[in-house]
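I opened a fresh page for this one and went through it piece by piece. Here are my notes, in the order I looked things up.

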Amino acid sequence: MGFGTTPTVYFGSRTATVTSVSPTQIRATVPVPDPLQPKTIDVRVKVNGHLSPAVPVDEFTHTG
């Protein structure tokens, strides 16, 4: 299926910078964490108007 257009990657409510896109792979830079959000957040990808669901396997934990 692939990514088609440039995807948007969300870490919680923050938008990541997508630095690399190919038909099947993306690279995103983790944004500075929002101090009001919990340390463990969902990572979601929006492509062609469709947002990936929030599920336990997409969780990311900020450290430091």
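**Entry 1: Val30**

I started at Val30, which counts as partly exposed because its relative accessibility is 35%. For the record, buried means under 20% relative accessible area, exposed means over 50%, and partly exposed is in between, with a 1.4 Å probe and protein chains only. I then found Val30 in the loop between β4 (26-29) and β5.

Next I asked which residues Val30 is in contact with, leaving aside neighbours within four places in sequence. I found Phe11, Phe60 and His62; contact here means heavy atoms within 4.5 Å. I also checked Val30 against Pro56: they are 26 residues apart in sequence, and their C-alpha atoms are 18 Å apart in space.

**Entry 2: ground rules**

I noted that this is a predicted model, so local features need pLDDT of at least 70 and side-chain atom pairs count only at pLDDT 80 or more, while totals for chains, interfaces and linings use all residues. Residues are numbered from 1 along each chain as its sequence is written, and side-chain values use heavy atoms, with hydrogens and water left out.

**Entry 3: the rings**

Two of the contacts of Val30 were Phe residues, and I looked at their rings. The structure holds 1 aromatic pair. Phe11 and Phe60 form this pair, edge-to-face, at 5.2 Å centre to centre and with 85 degrees between the planes. My cut-offs: rings of Phe, Tyr and Trp (its six-membered ring) pair if their centres lie within 6.5 Å, and planes under 30 degrees apart count as stacked, over 60 as edge-to-face and the rest as tilted.

Why does the pair tie together parts that are 49 residues apart in sequence? Phe11 lies in strand β1 (residues 8-11), whereas Phe60 lies in strand β7. I compared their cover too: Phe11 counts as buried at 7% relative accessibility, and Phe60 as partly exposed at 27%.

**Entry 4: Asn48 and Ser52**

I looked up the backbone at Asn48 and found phi near 50 degrees, a positive value in a residue other than glycine. Most residues other than glycine have a negative phi, so I marked the page. Asn48 sits in the loop between β5 (40-47) and β6 (50-51), and is partly exposed with a relative accessible area of 49%.

One loop further on, I read Ser52 as lying between β6 and β7 (59-61). Ser52 is partly exposed, at 23% relative accessible area. Not counting residues up to four places away in sequence, Ser52 touches Arg44 and Val45. Ser52 and Val9 are 43 residues apart in sequence, yet 9.7 Å apart in space, C-alpha to C-alpha.

**Entry 5: the whole protein**

I tallied 0 helices and 7 strands; helices (H or I) need at least four residues and strands (E) at least two, as DSSP runs numbered from the N terminus.

The radius of gyration is 12 Å, which agrees with the value near 11 Å for a compact globule of 64 residues; it is taken over C-alpha atoms, and the globule rule is 2.2 Å times the number of residues to the power 0.38. The C-alpha atoms fill a box of roughly 35 × 20 × 15 Å along the principal axes.

Buried residues make up 17% of the 64. Last, among contacts between residues at least 6 apart in sequence, I noted that 35% join residues at least 24 apart.
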